[in-house]
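These are my notebook entries on one protein chain. I set down what I looked up, in the order in which I looked it up.

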Amino acid sequence: MQPIRHRDRAERGLTQMQLRHPRWWHPTDGVSMPREDAASLVKHCAAIRLALADNAVFTHVTSAQLRGWWLPSGMRDWPVIACTDGGSPHHDRRGVYVRRCAIPSAHRHALEDLPTASSEWTILELAEDLSLIDLVVAIDSALHLGDCTMASLDRAVVPGRRGVKRLRRAMVLADGRSESAWETILRLVHVLSGITDVEPQACIRDAAGTIVARADLRLGTTRRLSEYDGAVHRDGPQHRADLRREKLLIRIGFERFGYTASEIHREASRILLDAEGALGLRHDPRRIQGWLVEYRRSSLTPGGRDRLAARMHRFVRDISPRSTNS
């Protein structure tokens, strides 16, 4: 069943009383949708769109979610954010924050039949609120999915825009070869600490030149591999495959160091010490500060998540001054 504007209820053969039944959910004032569809962001946005101006597009974290990008975990709910032309009337509605900003026509796309800001424009808006680490993770996911390129993103950058300095730094750090958020984060532990000679998704070859494995991260030209081990790697079939792979790597002279999220959170200095040893670098305890400064600002920490939640709270619209079901 399709969502419905309350003013169109008679045409759909429905009454106001019927729309108050628990089977209906009201994502914003003046609109109802089947409650069973409420968990779908695409259907949620399609319903909200009925209450927005014709020129409105979904943007910021909503556009990123619709595209399936890697966004900070630990956030309970993301607000729905849309944008209208700068000259359009402002719509203060429950359930959606409508920004007034002139998105260029070239950055107005259709995604799942929804008007959505381009990937490049979405990243520009994310840069206003995400920390450096969170922003690099989001850009990596966009690059990995093929939603944009570094060249197209560079062309979209607006000088002087809020967050542009952080965006430019994130673009230098981004690498679309990462295949998960935690792979990006593990890479950043190294790169932000000054260990920049690393290769994501490195192809490992045997003596005959045949590719036998791809590694999350290879340290320079050494035979040391640094990889993220998530929970999936302890699943039965996957664990057995990982053990076979690890033995193969050992046989051809490679050494694999696997790290968990807990180690990244609590033992980043140990990860860096491992890298220094593999690369033949003298240990420098000051290196880790480059990572720690940005780590503390990111959503990886409780304080960083609280700050992000506070920034995102300005987009939350729980109550509308014109709230009505009529």
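**Entry 1. Overall make-up**

How many helices and strands are there in the protein chain? I counted 13 helices and twelve strands. I note at the outset that this is a predicted model. The C-alpha trace of the protein chain spans about 75 × 45 × 35 Å along its principal axes. I then looked up burial: of the 326 residues, 49% count as buried. Among contacts with a separation of 6 or more, I found that 60% are accounted for by residues 24 or more positions apart.

**Entry 2. Helix α7 and its cover**

Which residues are buried in helix α7? In this helix, residues 164-173, I listed V164, L167, A170, M171 and L173 as buried. I next asked what covers the buried residues of α7. The cover includes α4 (119-126), α5 (132-144), α6 (150-156) and α8 (181-191).

**Entry 3. The packing of α5 on α8**

I took up two of the covering helices, α5 and α8, as a pair of their own. They pack at an angle of about 130°, with their axes 9 Å apart. Because of that angle, α5 is oblique to α8. I recorded the crossing of α5 and α8 as right-handed. On the α5 side the contact is made by I133, V136, V137 and D140; on the α8 side, by A181, T184, I185, R187 and L188. I sorted the residues of this contact by class and obtained six nonpolar, one polar and two charged.

**Entry 4. The packing of α8 on α11**

I followed α8 to another partner, helix α11 (residues 268-279). Here the axes are 9 Å apart and the angle is about 70°, so α8 is roughly perpendicular to α11. The crossing of α8 and α11 is right-handed. From α8 the contact draws on L186, V189 and H190, and from α11 on A268, I271 and A275. By class, the residues of the contact of α8 with α11 divide into five nonpolar, one polar and no charged.

**Entry 5. D175, between α7 and α8**

Where is the place of D175? I located D175 in the loop between α7 and α8. With a relative accessibility of 15%, D175 counts as buried, because the cut-off for that class is under 20%. Leaving aside neighbours within four places in sequence, I found D175 in contact with D140, L143, R187 and P200. Of these, D140 and R187 also appear in the contact of α5 with α8. I also checked D175 against R108, 67 residues away along the chain, and their C-alpha atoms are separated by 25 Å.

**Entry 6. Salt bridges: E128 and R161**

I turned to charged pairs. Side chains of opposite charge can pair when their charged atoms come close. My count came to 23 salt bridges. One of them joins E128 to R161, with the closest N and O atoms 3.0 Å apart. This pair links distant parts of the chain, 33 residues apart: E128 lies in the loop between α4 and α5, and R161 in the loop between α6 and α7. Is E128 buried or exposed? At 8% relative accessibility, E128 counts as buried. I then noted that E128 and R161 belong to a network of salt bridges that also links R99, E125 and R162.

**Entry 7. Salt bridges: E294 with R169 and R297**

E294 forms a salt bridge with R169, and the closest N and O atoms are 2.9 Å apart. The pair again links distant parts of the chain, with E294 in helix α12 (residues 289-297), R169 in helix α7, and the two positions 125 residues apart. I looked up both accessibilities: E294 is buried, with a relative accessible area of 5%, whereas R169 counts as partly exposed at 41%.

E294 also forms a salt bridge with R297, the closest N and O atoms being 3.0 Å apart. Why are R297 and E294 separated by about one helical turn? The reason is that they are three residues apart in helix α12. An α-helix has 3.6 residues a turn, so residues three or four places apart point the same way. R297 is partly exposed, with a relative accessible area of 47%.

Key: Residues are numbered from 1 along each chain as its sequence is written. This is a predicted model: local features need pLDDT of at least 70, side-chain atom pairs count only at pLDDT 80 or more; totals for chains, interfaces and linings use all residues. Side-chain values use heavy atoms; hydrogens and water are left out. Buried means under 20% relative accessible area, exposed over 50%, partly exposed in between (1.4 Å probe, protein chains only). Helices (H or I, at least four residues) and strands (E, at least two) are DSSP runs, numbered from the N terminus. Contact means heavy atoms within 4.5 Å. Axes are lines fitted to C-alpha atoms, for helices over the stretch in contact, and angles run from 0 to 180 degrees between N-to-C directions. Angles under 35 degrees count as roughly parallel, over 145 as roughly antiparallel, 65 to 115 as roughly perpendicular and the rest as oblique. A crossing is left-handed if the near helix is turned anticlockwise from the far one by less than a right angle, and right-handed if clockwise. Ala, Val, Leu, Ile, Met, Phe, Trp, Tyr, Cys and Pro count as nonpolar, Asp, Glu, Lys and Arg as charged, and the others, Gly among them, as polar. A salt bridge is a side-chain nitrogen of Lys or Arg within 4 Å of a carboxyl oxygen of Asp or Glu.
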